[in-house]
Amino acid sequence: MATTAPPKDNTVEREAERWMNDPYEHFGYHNTRIHSLPREEVEAVQLAAMNLRLKERRGEVQMLAKLADAQGIDEVSSLEGLAPLLMPHDIYKSYPTSLLAKQQFGKLNGWLGKLTRHDLSGVDVSQCDSIDSWLTKIRDETLLDVGASSGSSGTCSFYPKSKRDYRLSMMGMRVQLAQKFGEDPQPGDIDGKIHAIIPLYKDGHASMGAFGKYSCEIFAKGDPDFWHYCFDFKLSSDLMWLAARLRAAAAKGDVSKVDVPATLLARRAEWEQQQANMPAQQLAFVNEMIGKLQGQRVFVMSTSNLLYAAAKRGLEEGLSGVFAPDSVFMGGGGAKGVPLPDDLEEVIERFFNTKRMISSYGMTEMNSFSVLCEHDRYHVLPWVTPYLLDLDSGQPLPRSGQQTGRAAFFDMTAESCWGGLVTGDLVTIDWDHPCECGRTSYAMEKKINRVSEIQGGDDKISCAATPGAQAEAMEFLTGFGG
Amino acid sequence: MMAKRPISYAVLRGEVVETDLIEFGGRGGDITFLAPDPHKIADRIPLASPRLMEDMYSIPFDGILDYLAELGPRLELSRNPYMQEALEYSYDTAPSTKPIVDAFYHDLPFMFDKERIRKMVDFNIGIDHLEGWVEQQLNGCTVGIRAYGSRQLHIVAGNGPVLGALTVIRGAVTRGDMIVKVPSNDPFTTGAIARTMVDMAPDHPITKHLAVAYWRGGDEALESRIYQPHNIEKICAWGGFASVKHVTKYIQPGIELISLDPKRSASIIGKEALESPETMAEVGARIAADFAPGNQVACSSSRLVYVMCGTEDEDIEKLKQLGQATYDAMMSLPEVISTKPKRYDPDLKRQVDTLRLNDDFYTVIGGKDGEGAILISHTSDRVEFWEYLGDRTINIIPVDTLDEVLDVVDAYTQTVGVWPDNLWDTVRHKGALHGGQRFVELGYGFNGAGLVGPQDGIEPMRRIVKWIVSEKPSADKVPLWGDTAKDVKMLA
């Protein structure tokens, strides 16, 4: 059957290209405008961007080409249509572990190269003898700054993020955190130097290590006098990997089987030493900043517990309101198993002179952070298409009503990788009702669980081992074994 | 009219309880079922006094076998409405599919065969140890040892309906008093067996020494009442630690835990498997026979298959052929043995699909239709999600040496299938040192002695009995009194 092609209007595509390229610049770095776009318009641009990206990246990112070929998808006509092309986050750790253990960075490079549009084949990694040296080499010679993270299973995942991705990510943080929603940007919000206080590392390939230098670029506008970090060294990805493997092995009760290269073993003591003093050093650092930067506008990115400890002590000493009122505080939710005190927000707000401490939801594999609003919802930036997937079928749940499912995202701003990602997080979105805060953007409920935590039946007993069962077995059976 | 709702009956010492029903289950799309409120029957679950064990000793071993032999045929589906009902409901709760559950139910009466049980008991415990004191002269004494029935609580696994029947048999032949806590993935079968026992012989000691009930594992208020040394002596808990972890806090002197802890199984294969299309077909069939039966829900189901073929490109090409032969063999197994899984684990599917994109390092055969998949590693690495392999999914891994394989045989390893025979002695010996518990010829993991044998290294039958010692001095034993007392050496 012959169909007549509708007249081609490229307006949406052109808009999509601007969003994909640098959405913050396109919207004049204006937080309120960004979060006030009509949803229909946003979704039209998202759909156009998906097709543009798919066409472009398919020839550049080999793993995507394979996936799209297998699914037989060349173009999508709806947002849901892209769901089969969202890549599970596991893809970024899908290399054989022995390559890492045997330090075969050439092969790892080949594998990583299939996940990014940037060419890694020219990077000579033959002299690399550690994760750190491998990732540094890539960073030195390409546009990439690979994000490494270690999971509880003892494997390390590598996300071939570009430096531009990191900058865009950090800009999103500045735009969303420094401005108050509903108002125009204030002088200094966009262009001014803001002291960046990062009670973490100077450098590193994990987010925790990488944030420092990019926050220096974006918040401190590159001025080293405005960049304050606690640890004057690089967070080693090798040591993080070792730690993850040791933890995973310990959970299974067999540390002896962890095959640790001698070079790494030699650094273990150093790392343990660093770990041991870390909380005290961080507290001392925050206290030093309080003295040094009183009354100034600061951006603090830290864990809530650390800020709480510093604030509590400060208040006891009769101090309060130490930083300028337009300072920005971003706190992490605290480590698992570390309860947050009831008066956390009150104490921090009183001491640091801030209206509120802001949380955000994000991950290494995405550029765009979702910031928590005054009504406790994480707002997804318009250039990110959120999906909720059915836990059983993996199919997208209807984009209407209130739904809870496995979160997946398509971030059209991804500069290096494909941008479509299936996470391990269980998220709730009310698709129909815009948030009371006034933002039009889609909003995720504050409570986000790991999918793995909520799965597993009531009282189903099986004799076949699962890792959870094993870890619990160890914990409980060694507990009373004497 | 409301559809009839499934009931997990409590059967307490000859009495069927179907009152005070409350709802259980229903999480994660599971069906809900009704069971008597366990708190209302908590006092009737344990045996009131060890004194009440005496009646079990009024029956000779052959009398126990007679009872079981009479029970077996009564459990035949065609003549037993309780079993029919339980089967109907079990389709929803069982992890395996209808043809497999049907086959379990069909075969269940044969477990009660007299000679089969007699051999099982004699092999595992020794009938003479159950029937009386087995005496020997030792150090100037007549030392006797005897296996007594214990008051035992069984937290049964629900992989297959046979486990409840097996538990009933084991308890009866050891003259134990059994409390069976049924699992939510098999809440009906054991109750149906017990109801049949009540109909058959309501006052028989074996019937009176069985209490079957469902409660939610971890119901602390209930468990702390029952799990007391004055009620029970042994807790035999199958692998699921969701239940076991709650149990462990009740362990104290006077209560012994027999933990059939979670395990997994593997296969170790020599390079001969890749010699010809014929050997590949044979070995593929053997591998399939060791992982696919019952849809891989058992701990004895193989999940990791190591082939000592080397890791060069040509080796991998052959390994893919072996993988294809294995896949074909799996697909041609009769449906009473193996079927397309009931519900392919969506997380596993996601992982398998991810692996598909990574064809430099892995080859995936099958798996697109949720039927199961063969994952072939191109390096000596197992897949990252190897601990989650199930639903007829195995990982075939090439290795250069046996040592690489032995590194992954550990305390969580139950069965190891071995082929060809020239590997047998070495793998069995070295594997045992690493933690392997049961060694079988590849292809016979589900076609051997079965649970009639010692099961695995845990030997539950020997451990659910109490081993009691009696000592009497011989005539010439020097006493610890009188003039010669100082000459007695008090050796430990």
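Student: What makes strand β14 of chain B mostly covered?

Tutor: Five of the five residues of β14(B), residues 362-366, are buried, and buried means under 20% relative accessible area, with exposed over 50% and partly exposed in between (1.4 Å probe, protein chains only). The strand itself is a DSSP run of E of at least two residues, while a helix is a run of H or I of at least four, both numbered from the N terminus.

This is a predicted model, in which local features need pLDDT of at least 70 and side-chain atom pairs count only at pLDDT 80 or more, whereas totals for chains, interfaces and linings use all residues. Residues are numbered from 1 along each chain as its sequence is written, chains are lettered from A and ligands numbered from 1 in the order in which they are written, and side-chain values use heavy atoms, leaving out hydrogens and water.

Student: How do you know that β14(B) and β15(B) pair?

Tutor: Five bridges join β14(B) to β15(B), residues 373-377, and the two run antiparallel. Two strands pair if DSSP finds at least two bridges between them, so the requirement is met. One of the bridge partners is I374(B), which stands opposite I365(B). The hairpin has six residues between its strands, and G367(B) takes a positive phi near 90 degrees there.

Student: Why is R57(A) called buried?

Tutor: R57(A) has 2% relative accessibility, so it counts as buried. R57(A) lies in helix α4 of chain A, residues 39-58.

Student: Which backbone oxygen lies 3.4 Å from a polar atom of the side chain of R57(A)?

Tutor: The backbone oxygen of C417(A) does. Leaving aside neighbours within four places in sequence, R57(A) is also in contact (heavy atoms within 4.5 Å) with residues including L64(A), R117(A) and W418(A).

Student: Why is Y29(A) called partly exposed, and R13(B) buried?

Tutor: Y29(A) has 22% relative accessibility and therefore counts as partly exposed. R13(B) has a relative accessible area of 12%, so R13(B) is buried. Y29(A) is found in the loop between α2 and α3 of chain A, and R13(B) in the loop between β1 and β2 of chain B. Neither is a glycine: Y29(A) has a positive phi of about 55 degrees, and R13(B) one of about 50 degrees.

Student: What is the omega of the peptide bond from W419(B) to P420(B)?

Tutor: Omega is near -5 degrees, and the bond is cis. P420(B) is found in the loop between β17 and α16 of chain B.

Conventions: Polar contact = N/O pair within 3.5 Å; in protein donor to acceptor, adjacent residues only side chain to side chain.
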